[in-house]
Amino acid sequence: MSDKHYDVAVIGAGPGGYVAAIRASQLGAKVAIVEKQYMGGTCLNVGCIPSKAMLHVAEVLHSMESVSDLGIELGQAPTFHMPKAVAFKDKVVKRMTSGVGSLMKANNIDVYDGLGVVDASRRVSVQKGDGSHEEFQAEKIILATGSVPLMPPMPGIDGRNVINSDTCWNLSAVPESVICVGGGVIGIELACMFNAIGSKVTILEMLPNVLAPVDEEVRRLLVRILSKRGINIVTKAKVESIEDDGKLKQVKTTSDQGEQTFSGEYVLMAVSRRTSTGGLEHLIEQGLDMDRGRVRVNEKMETNLPGIYAIGDLTKGAGLAHVASAEGEIAADNAMGHDSSMNYDVVPNPIYTFPEIAFVGLTEAQAKEKDPEARVERFPWVAIGKAVAIGETDGFTKVIRGKYGEILGAHIIGPDATNLISEFSIAMRGELTVDEIIETIHPHPTLSEGIREAVLAVEGRPIHIGPKQPARAR
C-alpha cells in the first residue's frame with residue numbers, strides 16, 4: 001500500500017477539474033489530479049475547443065459567399081479540404097491541452113494517467129492501461145469526471161456512419177448529407193458547421209421546438225435564418241430506428257403526422273450527454289447520494305460523504321464548461337477550509353451558431369410571469385454602424401428591465417454575441433441599473449454600442465432608431 005498522501009485529489013482533468021486543482025494549489029495544498037483519457041477533458045479535446053475551431057473554419061467559408069459585395073474577386077468558388085481543416089483543429093487542441101499540462105507543472109500538481117477509483121475513505125487507486133495501478137490517500141477529493149454523449153438504446157444506433165459530438169471531428173471528407181438527431185445547443189451548432197462546409201443538413205427534434213431554453217423571439221429568428229440557408233428542421237419527431245439503405249442511412253421517426261423516413265450519408269447523434277461515473281462505483285455502493293444519475297451536492301459543492309466534493313457535468317448543473325470551472329474554484333476553496341458558495345443567478349449561455357446567440361437571466365416569458373411590470377425592448381443590429389460595416393446585421397439585442405431599473409435578462413442574436421453578453425453579466429452580478437449602463441460611454445464605432453442602445457430602447461429613448469414609448473417613471 002502506498003504511503004503517498006495529498007491534501008486534495010481531483011478526479012478528472014476537464015475545465016472543472018484542472019481549475020479546481022490549480023485553485024487548491026494556490027491555497028497551499030499538495031494536489032494530485034487523475035485523468036483517465038486526456039488532459040483537458042471533453043471540452044478541450046472533443047468538445048468546446050475543437051468545435052469552435054471547426055466552427056471558425058465553417059464561418060470563414062460561409063462569409064466568403066458575400067466577399068464579392070466587398071470588392072473582393074476570388075476568380076472561382078472557394079474549395080474546402082476537410083483533412084486540412086481537421087489538421088488545423090488538431091493543432092488548436094494540442095496547443096490547448098499542452099497548455100493545461102504546463103499549468104499543472106507550474107503549479108506543482110502531480111498528474112496521474114489512468115482511471116481514478118475512489119472509495120469513501122478517500123483512498124484513490126489509479127488503474128493504468130497496462131494493468132498496473134498506483135494508490136494514494138487524500139484529505140479531500142473533488143470529483144470532476146464529466147460526461148459522455150448519450151446514445152439512446154434504439155435499433156441501429158451502433159451501426160456504421162453513426163457519429164456523435166465526440167466522434168464527428170475527424171471525418172476524411174465532407175459528408176454529402178447529415179441527419180442530426182437532436183435540436184439542442186450541440187445539435188444546432190454542429191448543424192450550422194456541416195451546413196456551412198457543404199453538407200445537406202436535416203435536424204430531427206422530439207420536442208415542439210429546437211433550442212428549448214432560448215427566448216422565443218430569438219429562437220424564431222434563428223430558425224428562419226437557418227431554414228433560409230437550407231437546413232431542414234423537423235420538430236415533434238421521435239426517432240424509432242436507424243437502418244442502412246445502400247450507402248445511405250435511413251432514420252425512421254414517428255410524430256403527430258405519422259411515420260416518416262429521412263435519408264442521409266451520416267447520422268449525428270446529439271440528443272444529450274450523460275454523466276461519466278467510471279471509477280465511482282465504490283462511492284455509489286457506499287451511499288454517495290445520486291439524483292437520476294447525477295451526484296447531489298449543496299451550494300458548497302459538497303456531497304453527502306465527508307470530504308468529497310463533486311462539480312461539473314457530474315452534478316445537476318448547467319452543463320457548461322465555464323460553470324464547471326466556477327464550481328471547481330468553489331469546491332477547492334471549501335476543501336481548503338474557506339467558506340464559499342456557488343451562485344447560479346447570473347450564468348451566461350453562449351451558442352455558437354451563425355449568427356451567434358447569447359443570453360443571461362430571464363427570458364421575456366419568465367420575466368413577465370415574475371414581474372408584470374417588467375419592460376422589454378430590443379435594438380436591431382442594422383442600426384449599428386460597425387455591424388453594417390462588417391455586413392452582420394441579422395438580429396438584435398433584447399433587454400428586460402425590472403420596475404426598479406434592474407436588468408432581469410438580456411438576449412443577443414447577432415455578431416460577437418458570445419463576447420458581448422459579458423457586459424450584461426457583469427451588470428447583473430454587480431446589481432447595476434440601466435441608468436449606469438447608459439451613463440457609461442461606449443466607444444464608437446463598435447458592436448458594444450448596441451448594448452447601450454438596447455438599454456436606451458428599454459428606457460424609451462433610443463438614439464439611432466425611431467422613438468419608443470417612454471418608460472414608466474420610477
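## Worked exercises: pockets, sheets and two residues

The second largest pocket in this structure takes up about 700 Å³. Keep in mind throughout that you're working with a predicted model.

**Exercise 1. Work out which residues lie nearest the centre of the second largest pocket, and which helices help to line it.**

Solution. Start with the lining, which has 23 residues. His62, Ser63, Ser66, Gly391 and Glu392 are the ones that lie nearest the centre.

Next, look at the helices. Helix 3 (48–63) and helix 6 (216–228) each put at least two residues into the lining. Helix 3 gives the largest share, with 3 residues.

Last, sort the lining by class: you should get 7 nonpolar, 7 polar and 9 charged residues.

**Exercise 2. Find how many cavities of 30 Å³ or more the whole structure holds, and list what lines the largest.**

Solution. Rolling a probe the size of a water molecule over the atoms shows where empty space is left. Searching the whole structure turns up 1 cavity of 30 Å³ or more, and the space inside the largest cavity is about 30 Å³.

Now for its walls. The lining is made of Gly312, Asp313, Gly317, Ala318, Gly319, Leu320, Val323, Ala324 and Glu327. By class, that's 4 nonpolar, 3 polar and 2 charged residues.

**Exercise 3. Write down the strand order of the open sheet with parallel pairing, and say which strands stand at its edges.**

Solution. This open sheet has 5 strands, and the order reads 8-15-9-10-11. Strand 8 (162–164) and strand 11 (232–234) each have a single partner strand, so one side of each goes without a neighbour in the sheet. On average, neighbouring strands here are turned by 20° against each other, with direction ignored.

Zoom in on one pair: strand 10 (residues 200–204) runs parallel to strand 11, and 3 bridges pair them. Within that pair, Ile203 sits opposite Ile233 of strand 11.

Then add the helix. Helix 5 (residues 185–196) packs on this sheet and touches strand 9 (177–181), strand 10 and strand 15 (266–269). Its direction makes about 165° with that of strand 10.

**Exercise 4. Do the same for the open sheet with antiparallel pairing: give the order, the edges and the helices that pack on it.**

Solution. Here the order of the 5 strands is 20-21-24-23-22. The edges belong to strand 20 (349–351) and strand 22 (375–380); each has a single partner strand, so one side of each is left without a neighbour in the sheet. Neighbouring strands are turned by 10° on average, direction ignored.

Follow the pairs along the sheet. Strand 20 pairs with strand 21 (residues 356–361) over 3 bridges in the antiparallel sense, and Pro350 faces Ala358 in strand 21.

Now the helices. Helix 11 (residues 417–429) lies across strand 20, strand 21, strand 23 (396–401) and strand 24 (407–414), at about 10° to strand 21. Helix 13 (residues 449–458) also packs on the sheet, where it touches strand 22 and strand 23 and makes about 140° with the direction of strand 22.

**Exercise 5. Explain why strand 24 counts as largely enclosed by the rest of the structure, then trace its bridges.**

Solution. Count the buried residues: 8 of the 8 in strand 24 are buried, so the strand is largely enclosed by the rest of the structure.

Strand 21 is joined to strand 24 by 6 bridges, running antiparallel, and Gly361 has Gly409 of strand 24 as its bridge partner. Strand 23 is also joined to strand 24 by 6 bridges, again antiparallel. There, Lys398 stands opposite His411 in strand 24.

Finish at the turn. Strand 23 and strand 24 form a hairpin with 5 residues between them, and Gly405 in the turn has a positive phi of about 90°.

**Exercise 6. Decide for Asp333 and Ser132: buried, partly exposed or exposed?**

Solution. Take Asp333 to begin with, in helix 8 (residues 321–335). Its relative accessibility is 10%, under the 20% cut-off, so Asp333 counts as buried. Leaving out residues up to four places away in sequence, Asp333 touches Arg23, Leu27, His338 and Ser340.

Now Ser132, in the loop between strand 5 (123–127) and strand 6 (133–143). At 31%, Ser132 counts as partly exposed. With the sequence neighbours up to four places away left out, Ser132 touches Val126 and Gln127. For a sense of distance, Ser132 and Val210 are 78 residues apart in sequence and 46 Å apart in space, C-alpha to C-alpha.

Methods. Residues are numbered from 1 along each chain as its sequence is written. This is a predicted model: local features need pLDDT of at least 70, side-chain atom pairs count only at pLDDT 80 or more; totals for chains, interfaces and linings use all residues. Side-chain values use heavy atoms; hydrogens and water are left out. Two strands pair if DSSP finds at least two bridges between them. Helices (H or I, at least four residues) and strands (E, at least two) are DSSP runs, numbered from the N terminus. Axes are lines fitted to C-alpha atoms, for helices over the stretch in contact, and angles run from 0 to 180 degrees between N-to-C directions. Contact means heavy atoms within 4.5 Å. On a 1 Å grid over the protein atoms alone, a cavity is a set of points where a 1.4 Å probe fits but cannot get out, and a pocket is an open set with protein on both sides within 12 Å along at least five of seven lines; lining residues have an atom within 4 Å of a point. Grid points are joined across faces, edges and corners, and a volume is the space filled by probe spheres set on the points. Ala, Val, Leu, Ile, Met, Phe, Trp, Tyr, Cys and Pro count as nonpolar, Asp, Glu, Lys and Arg as charged, and the others, Gly among them, as polar. Buried means under 20% relative accessible area, exposed over 50%, partly exposed in between (1.4 Å probe, protein chains only).
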